[in-house]
Amino acid sequence: MALSFHGALAPYGGLARLGGLVCVAGLAMLLAPGAADALVIKSFDPYEPGQVNPNPDLINTDPPGNGLDFANLATNRSGIYLGDHWFLTAWHAQPGGSTPTGNVQLAGSSFPVIAQSAVRIANSGGGLDASSDLLMYRIGLDAAGNSPEDLDSGIQSIVIADQLASTGTTLTMFGRGAARRQNEDNTQTGTYQFSSSGAILESGTGAYEGFLTSSSGNVWQWGENRRYGGTRTFSAGPLVNDTRGFVVRFDEFGLEHEAQAASGDSGGPVFWQDGGQWVLAGLHHVVFSASSTSSSVNLQTAFNAQTGISDLSNSFYRSQIQGLRDQTEYSLLGDIDLDGAVTGEIVGGVATGDLAAMAANWMHSAPEGDLKTWVRGDINQDGITDLDDFVLLRDALGGAIETADFAAVVSAYSAATPEPSAAALLLTAAAAAAARRRR
């Protein structure tokens, strides 16, 4: 039976939003401000006192080399590029929240977030918040008209898991930012000793043991952990909505690259290998303190702390994500220039807005529709900008644009086009359509 709990009811301790807000018994209190951190990885080579510490704070900053890469990971924000201009992340960790803004940096270039493209992944009811902490949105072309896939052959179309990894399955976690802070006085494990309240002990054995975190810059790292326990529903006050998922536990005696998420790591992807294929299991959303009585930030990266990960194999989540990926529209129907609105009129023989974009690219054709043809007016995504697309745009604009007026605009754009001109083709098609309607 799946185990479900919220916030302070969590049997393994206080629940924390990855980003600086801790919820305890339903109360929210801000932690001391700090830079965004990422995975804490316990890998450590003992050394003798007086020797140079061979263990960097930031480790595993190169790809794992097992078929997983960093190519789908943005260099300026947490989350993962799924392919075909879709980006998946944790809602609470995104600039702009439900209306993300700015650019996503991938493959050495910058891709603008498409206005009005963001979608919150919904919950299935059952007393949960209407929306989960999962957010998807689309990104556009870069300034040179490229897609991320054009610039980096390592970018993959990410496969979403269709089943939950069984308990004990090894998962690979990715986190962006800083990392652990070691105890330089402990040359055997690099860990600190903590009291039951999370205070650092200068000597002796504490109730808990683990690492601190410190800022080292926003750098992607990878680590590993195993799925622990049953499925759960977690949240963190008003900033992290109910999200169905599972946890991993930071185990002192676990895997070589045993990892725990930390502040600022929300949205980082988690993979597992299903039948030889890497699949996206979920994203980081919350962390659980190692203590059931203290929400100290120090105990969120102590051994026995846990990371809450969304379960993307959940049928309700997965069907929404797949449904979005199957869509052929890249924005609002008719929003050719991707500004978040459908606009256009003809004044004095000059078209504006989306009408102008369509007229300038009239009869442009490609083997198939994609974002590159969309921004040239191929609204129905059949690969060609033609009368069918004009009808869709005209209807989206309220139906007031006359075909003859638009043909005149097209003619002005295509004056150098050999006969039959683009305008003539438009008018011929329009006349044929009218004749069919009269039959």
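**Exercise 1. Helix α5 and its partner**

Task: In this predicted model, establish which residues of helix α5 are buried, and on which side of α5 they lie.

Solution. Step one is to list the buried residues of α5, the helix that spans residues 387–396, and these are Leu387, Asp389, Phe390 and Leu393. Step two is to look at how they are spread around the axis: they cover an arc of only 155°, which puts them on the same side of α5. Just after the helix, Gly398 takes a positive phi of about 105°.

Task: Determine how the axes of α3 and α5 cross, and which residues make the contact.

Solution. Two packed helices are described by the angle between their axes and the distance between the axes. For α3 (residues 353–360) and α5, the axes come within 11 Å and cross at roughly 175°. An angle over 145 degrees counts as roughly antiparallel, and α3 and α5 are therefore roughly antiparallel to each other. The contact is made on the α3 side by Asp354, Leu355 and Met358, and on the α5 side by Asp389, Phe390 and Leu393. Asp389, Phe390 and Leu393 also appear among the buried residues of α5.

**Exercise 2. Strand β6 between its neighbours**

Task: Decide whether β6 is enclosed or open, and explain why.

Solution. The first step is the burial count: five of the five residues of β6 are buried, so the strand is largely enclosed by the rest of the structure. The second step separates the two faces. In a regular strand the side chains alternate between the two faces of the sheet. In β6, Trp86, Leu88 and Ala90 lie on one side and Phe87 and Thr89 on the other, and both faces are covered.

Task: Find which strands pair with β6, and in which sense.

Solution. On the one hand, β5 is joined to β6 by three bridges and the two run antiparallel, with Tyr81 standing opposite Phe87. Two residues lie between the strands of this hairpin, in which Asp84 takes a positive phi near 50°. On the other hand, β6 pairs with β10, again in the antiparallel sense, over five bridges, and here Trp86 stands opposite Arg138.

**Exercise 3. The nonpolar cores**

Task: Identify which members of the largest nonpolar core touch the most other members, and which elements each supply at least two residues of it.

Solution. The core holds 23 residues, of which Ile80, Leu82, Leu88, Met136, Phe174, Phe271 and Leu280 touch the most other members. At least two residues of this core come from each of β5 (80–83), β6 (86–90), β10 (131–138), β15 (212–236), β19 (277–288) and α2 (315–326). A second, separate core has 22 residues, among them Tyr330, Met358, Trp374 and Phe390. Met358 and Phe390 also take part in the contact between α3 and α5. To follow one residue of the largest core, take Leu88: leaving aside residues up to four places away in sequence, it touches Gly79, Ile80, Leu82, Leu134, Leu135, Met136, Leu280, Leu283 and Leu312.

**Exercise 4. Two loop residues**

Task: Classify Leu141 as buried or exposed, and do the same for Pro49.

Solution. Leu141 is found in the loop between β10 and α1 (148–151). Its relative accessibility is 16%, and because buried means under 20%, Leu141 counts as buried. Beyond the residues up to four places away in sequence, Leu141 touches His85, Phe111, Pro112, Asn146, Ser147, Leu371, Lys372 and Val375. Of these, Pro112 stands 29 residues away along the chain, with a C-alpha separation of 7.1 Å from Leu141.

Pro49 has its place in the loop between β4 (40–41) and β5. At 63% relative accessibility Pro49 counts as exposed, since the cut-off for that class is over 50%. Pro49 and Glu184 are 135 residues apart in sequence, yet their C-alpha atoms are 9.4 Å apart in space.

**Exercise 5. A small open sheet**

Task: State in what order the three strands of the open sheet β13-β12-β14 are arranged, and which of them are edge strands.

Solution. The order is β13-β12-β14, with antiparallel pairing. The edge strands are β13 (200–201) and β14 (208–210), each of which pairs on one side only. Strand β12 (residues 192–194) is joined to β14 by three bridges, and Gln193 stands opposite Glu209 in β14.

Methods:
Residues are numbered from 1 along each chain as its sequence is written. This is a predicted model: local features need pLDDT of at least 70, side-chain atom pairs count only at pLDDT 80 or more; totals for chains, interfaces and linings use all residues. Side-chain values use heavy atoms; hydrogens and water are left out. Two strands pair if DSSP finds at least two bridges between them. Helices (H or I, at least four residues) and strands (E, at least two) are DSSP runs, numbered from the N terminus. Buried means under 20% relative accessible area, exposed over 50%, partly exposed in between (1.4 Å probe, protein chains only). The arc is that of the directions from the helix axis to the C-beta atoms. A nonpolar core is a set of buried Ala, Val, Leu, Ile, Met, Phe, Trp, Tyr and Cys residues joined through side-chain atoms within 4.5 Å. Contact means heavy atoms within 4.5 Å. Axes are lines fitted to C-alpha atoms, for helices over the stretch in contact, and angles run from 0 to 180 degrees between N-to-C directions. Angles under 35 degrees count as roughly parallel, over 145 as roughly antiparallel, 65 to 115 as roughly perpendicular and the rest as oblique.
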